[in-house]
Amino acid sequence: MHITPGNSVLDAGCGPGIDAFALAEIVTSTGRVTDIDHDREMLDQANRQAREMAMDACLHFQQADVCSLPFPDDHFHSCRSERLFMHLHHPEQALQEITRVTKAGGRVVIVDTDWASLSIDNPIPETERIFSQYRIDKIINNGYSGRSLHRLFRESRFLDIDIEVFPLFTTDVNLFYALSVQEIVENQALADNVISEQQLTDWRKHMQQAAAAETFYSSIDIVMVSGTVA
Ligand SMILES: C[S@@+](CC[C@H](N)C(=O)[O-])C[C@H]1O[C@@H](n2cnc3c(N)ncnc32)[C@H](O)[C@@H]1O
């Protein structure tokens with residue numbers, strides 16, 4: 001983000017505000033960290049944490065939609081979002097808003113998941129492919145968000161565009177199920193007749209066997225694209 005003490009920064013789609021505290025340490029009490037999320041409960045959680053850490057003076061949590069930000073043009077030195085764009089029906093509108101509120105010369109950093117890169121070791125890869133495609137088509141609003149970020153930045157007014165890709169893996173089947181909303185994917189794919197009862201039973205049996213034998217493996221790419229507002 002190229003930020004220094006005294007800067008004013010925005011974290012869009014902040015969730016419970018985990019990254020707000022790290023940002024506050026960089027901009028210090030002379031700067032300002034504004035976090036927005038459209039979910040009131042997330043903001044309440046973030047506010048409670050800020051009070052407990054006695055950091056509520058420099059952190060500002062505000063309810064807002066990223067596609068309609070309640071800030072004037074050229075307001076922040078830098079803006080970021082992490083794992084927000086995958087939830088959006090109109091990511092290009094969100095990037096336009098984020099760019100509008102960032103000062104010229106300021107850095108915008110967007111981090112998001114490329115769900116099409118999800119890889120799960122199992123003996124029936126055909127079923128894995130069905131679930132992965134179903135997740136992208138029906139469960140996640142913008143499943144290709146990570147891979148499309150570079151195009152969005154190129155089509156907008158950015159200079160000095162950088163790309164970094166972070167491969168993540170887990171061998172913990174429960175963590176995989178939680179992070180990839182796999183149970184929802186499986187149940188809904190069954191209800192939609194995209195997968196048969198037998199296919200699902202076989203799949204779950206293999207997942208349980210992998211968990212018991214501690215052989216489970218899954219990986220995914222997280223894409224970070226950043227650019228300077230012209
Ligand atoms: C996966 S969480 C990521 C939270 C945090 N950035 C992190 O990386 O830990 C996505 C967050 O985006 C928020 N969100 C989704 N759509 C939004 C929108 N249109 N405007 C603002 N926030 C939104 C959700 O409420 C949720 O808290």
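1. A polar contact is a pair of N or O atoms within 3.5 Å; within protein, one must be able to donate a hydrogen and the other to accept it, and residues adjacent in sequence count only if both atoms are side-chain atoms. On that basis, a polar backbone atom of G13 is 2.8 Å from a nitrogen atom of the ligand, a backbone N or O atom of E82 lies 2.9 Å from a ligand nitrogen, and a polar side-chain atom of R83 lies 3.1 Å from a ligand oxygen.

2. This is a predicted model, in which local features need pLDDT of at least 70 and side-chain atom pairs count only at pLDDT 80 or more, while totals for chains, interfaces and linings use all residues. Residues are numbered from 1 along each chain as its sequence is written, and side-chain values use heavy atoms, with hydrogens and water left out.

3. The ligand is surrounded by 15 residues (near means a heavy atom within 4 Å), and the closest are G13, D37, V66, E82 and R83.

4. A search of the whole structure finds 6 aromatic pairs (ring centres of Phe, Tyr or Trp, the last by its six-membered ring, within 6.5 Å; planes under 30 degrees apart are stacked, over 60 edge-to-face, the rest tilted). One of them joins F71 and F76, whose ring centres are 5.1 Å apart with planes at 80 degrees, so the pair is edge-to-face. F131 and W203 also form an edge-to-face pair, at 5.1 Å centre to centre and 70 degrees between the planes.
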